[in-house]
Amino acid sequence: MTLAPTSEAQAADIIRAARTARQTLSLEGGGTRAGFGRPVQTDETLSTRGLTGITLHEPAELVISARAGTPVAELEAALDAKGQMLPFEPMDHRAIYAGSGEPTVGGIVACAASGPRRIQAGAARDLLLGVRLINGKGEIVKSGGRVMKNVTGLDLVKLNCGAHGTLALITEATFKVLPKVERTITLVIEGLDDRQAASAMAVALGSPFGVSGAAHLPAGIGTPSARTLLRLEHFRDSIDYRAGELAKLLASFGRAGRIEDDASCDLWRAVRDVTLLAEPRDDAIWRISVAPTHGPAVVAALQQAQLPFRHFFDWGGGLIWLACAMQGQERALQDAGAQAIRSAIGRDGHATLIRGTEDLRARIDVFQPLDPALMKITAAIKASFDPDRILNPGRMYAGV
Amino acid sequence: MSAIAFPIPDPAILARRDAIVAGLELLVPAECLVTSEDERRAFETDALTAYRRVPLAVVLPRNTAEVSAVLAFCHAQGVKVIPRGAGTSLSGGAIPQEDAVVVGVSKLNRILNVDYANRTALVEAGVTNLSISDTVMPDGFFYAPDPSSQLACTIAGNIGMNSGGAHCLKYGVTTNNILGVKMVLVDGTVVEIGGQALDSAGLDLLGLIVGSEGQLGIVTEATVRILRLAEGARPVLFGFDSSEAAGECVAAIIGAGIVPVAMEFMDKPAIEICEAFAKAGYPLDVEAMLIVEVEGSEAEMESQLARIVDIARRYGVKVVKESRSAMETALIWKGRKSAFGATGRVADYICMDGTVPTGQLPYVLKRTGEIVAGYGLRVANVFHAGDGNMHPLILYNVNDPAEQAKAEAAGNDILRLCVDAGGCLTGEHGVGIEKRDLMRHQFSDMDLAQQMRVRAVFDEQWLLNPAKVFPLDGRVAA
């Protein structure tokens, strides 16, 4: 059964009642990311679909607030009407989960859905100014606010961004926004291998031209030949200059073609949403975060280990999207490559299984295992918000 | 007579002082331990100089292992610990108490690695903010957060207070520019969170730690982002006949889709004080001034400045002065960044740090003037207008207790005003002791209890910087 409160107070009542009755709750927005995380068995589902609406939009202050169940599309449309945008380019997971429904504001906060522009404009957590939430005791708590700079008290805002609803139900979120870019040009260099591409991206990101997207699509991902993509977004009167200068800087890597405006936006949407790896649908999909220059080495090690996979890089090489084939392999992959991937990453970085069967997600660590000291802290923080473990229990880590 | 209360020192700890010092002597060499009263006195306060407490002892460890040993010892002995960077806190974040050991990170001052390909630097936490930019500047890079105290303040302190600066309108504050930390927990356990990757595993503990005011642990190393410098940067000075017009101009620039790198505001008293000190060429015949800085190529800066000047003219700008050389640019910023120091030469002051929605700036400025005048005092306003982070400097005489009480009362009124206008108590200086007792004006007891339960996860016995951030009464354990 799904409970869909229409006010924050009602939602708090539901959580309090569930706690008293010792019932567990799955938290749900539009349901587009239901396949994210460890499978959770709960007594009830609590949906934010009745908690909707933009509650504040001050274009001159670059700030917008909305209730958790508000569709992201509604937020983006309101911003667009004022010539603004969400700077962190939230990923839409529907491509990889093949889900219906609408991504919500609460969902992008809960899973910290940052897109390609993270390298320049920041991640979801960086643009999230404030939240209202309900903890596992049914208490309404606010943290942060609506102003750009705020160090008043502990930052529970970031702590809840990417917590997958394991600490609290987010009921309202406030974001910093930015003026929409006037124009976008993507430079495309063809034929680079992973290492050359990482070098090219490092040069571009170390340039003063404000690269806002740096991705590398190896041969066979989208097109037969490899493409290294470098995005510029700027004022109408300066973007050609920047594109020209950047192309000159990258001349030693090859001639740079140009994809402009709408075509550029479509391409980056495909990178953002990992559409490029969505098929075949039974591939397991990993999201691997490492130091940008370490990305190609991780991939090379996995190729060495003969893991059957396809991949591409975002964030200048620091974000690897990897689709591991689960069918038609000579030897069955019991863990979708989890062990090989995590050993290739080493200490600095982490891997999350974004898509996999329920059985797989129950068997392996979906989120990167933590050092014992950090695991202990994680469990204790969970207990500080949700002492009876009624909210999305075990969604990130078993027993938390 | 101090208005801000300190906890009564624990007599049992004071009585054991010799034994505690002897225990510390076993952990660090003599040159890392400060025990004589004269030398301890150097650590009795920070930049909130009206309050002073001489600590039990001061330890200046040389590495993470020594920090760990000292914290493990203090934890076992039930001794409170006050983490300290350079002692530049304006909110009293580093002020000790008599029954506590100060652990300073000043000897952890090496830049361990600079990695241009990944655009990160690995530094020990006691390095100064400016030394990172100084190190990477010859290669065209910089570390973005730039608090006014950047010559002296440490990365450890910046992490503790989530420090900002003039340029965070575009580049963000400390929390947006830190990728990883090595941190010693209260019991001496060493943890590493994040690293060179652009996000970290599990819950966002890094986001929690930055701005936690030394209450969750002591950071000994940090991986910071370094960014490529823009091709060029150029400030323009705008002089206005009223603060309101300057405030409206700020809102109009952002409303027009332009986000400059910095937008700084000064009122007449601040302009006069800074100009007398820095000879920066500030206009003296105006009521308010903005410094607006843009970045990019020569042509880009010109076209952006043209748009910005156009807007300023619509708001009746009286003086427009573009920087024409690197030297003029440096002078313009020198004037702004020396505002606190220059004010200190004129009078004692307390510096407020409330942030308000930018649309509220004209109203809050007006009310600030009225509030301070109501106490018979003077105020100078110098602040980050683009993000609404106000810094009224309330001038008073520190040797006059009645005047100090008035200044603090005025400050508290202003901070309440900021919260009521939709803002917050502190934008970048931290709560410390200074704003601790106002926390209930911004947060409900339930909000604070949740924060305190999270705090207790890291420090069950409230040993780390315990007199700060949370009101002394009503504290909550796990």
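How many bridges pair E2(A) with strand E3 (residues 44-47) of chain A, and in which sense do they pair? The legends below start with that pair and then move through other parts of this predicted model.

**View 1. A three-stranded open sheet in chain A.** Here's the answer to the opening question: E2(A) and strand E3 (residues 44-47) of chain A are joined over four bridges, and they pair in the parallel sense. Step back a little and you'll see the sheet they belong to, an open one with its three strands in the order E1-E3-E2 (chain A) and parallel pairing. At the edges sit strand E1 (2-3) and strand E2 (25-28) of chain A, each pairing on one side only. If you want a spot to start from, find A:Glu28, which stands opposite A:Ser47 in E3(A).

**View 2. Where chain A touches chain B.** Chain A brings 66 residues to this contact, and chain B brings 71 residues. On the side of chain A, look for helix H14 (residues 372-385): this helix supplies seven residues, the largest share of the side that touches chain B. What kinds of residues does chain A put there? Its side divides into 32 nonpolar, 20 polar and 14 charged residues.

**View 3. Domains 1 and 3 of chain A.** The domain assignment cuts chain A into domain 1 (2-179), domain 2 (183-273) and domain 3 (275-356). This close-up is about domain 1 and domain 3 of chain A, whose C-alpha centres lie 28 Å apart. Nine residues of domain 1 of chain A are in contact with nine residues of domain 3 of chain A. On the domain 1 side, helix H3 (94-97) and helix H5 (118-121) of chain A are the elements that give two or more residues. H3(A) gives the most to that side, with three residues. By type, the domain 1 side that touches domain 3 of chain A has seven nonpolar residues, one polar and one charged.

**View 4. A cis peptide bond in chain A.** Zoom in on the step from A:Glu279 to A:Pro280, and you'll find a peptide bond that is cis, with omega near -10°. Where does A:Pro280 sit? Look in the loop between helix H10 (261-273) and strand E15 (284-290) of chain A.

**View 5. Two residues of chain A with positive phi: A:His164 and A:Asp261.** Start with A:His164, which isn't a glycine but still has a positive phi of about 55°. You can find A:His164 in the loop between helix H7 (156-160) and strand E9 (168-176) of chain A. Is A:His164 buried or exposed? A:His164 counts as buried because 23 other C-beta atoms lie within 10 Å, and the cut-off for buried is 20 or more. Next comes A:Asp261, again not a glycine, with a positive phi of about 45°. A:Asp261 lies in helix H10 of chain A. With 13 other C-beta atoms within 10 Å, A:Asp261 is partly exposed.

**View 6. Chain B and its overall build.** Pull back for a moment to take in chain B, which has 17 helices and 18 strands. Its C-alpha trace spans about 70 × 55 × 40 Å along the principal axes. A compact globule of 478 residues would have a radius of gyration near 23 Å, so the 22 Å of chain B agrees with that. Of the 478 residues in chain B, 59% are buried. Take the contacts in chain B between residues at least 6 apart in sequence: 73% of them join residues at least 24 apart.

**View 7. Inside the largest nonpolar core.** Nonpolar side chains tend to be buried together in soluble globular proteins. The largest nonpolar core here has 278 residues, and B:Leu290 and B:Ile394 touch the most other members. Leaving aside neighbours within four places in sequence, B:Ile394 is in contact with several residues, among them B:Tyr349, B:Ile350, B:Val372 and B:Leu377. The contacts of B:Ile394 also include B:Val379, B:Ala407, B:Ala410 and B:Gly411.

**View 8. Domains 1 and 2 of chain B.** For chain B, the domain assignment gives domain 1 (111-228), domain 2 (233-339) and domain 3 (347-436). The centres of domain 1 and domain 2 of chain B, taken over C-alpha atoms, are separated by 29 Å. Where they meet, domain 1 of chain B gives five residues and domain 2 of chain B gives nine residues. The domain 1 side of this contact in chain B divides into two nonpolar, two polar and one charged.

Key: Residues numbered from 1 in each chain as written. Chains lettered and ligands numbered in written order. Predicted model: local features only at pLDDT ≥ 70, side-chain atom pairs only at ≥ 80, totals over all residues. Contact = placed C-beta atoms within 7 Å. Nonpolar A, V, L, I, M, F, W, Y, C, P; charged D, E, K, R; others polar. Pairing = 2+ DSSP bridges. Core = buried A, V, L, I, M, F, W, Y, C linked by C-beta atoms within 7 Å. Buried ≥ 20, exposed ≤ 12 C-beta atoms within 10 Å, placed from the backbone. Domains from an automatic or database assignment. Rg over C-alpha atoms; globule rule 2.2 N^0.38 Å.
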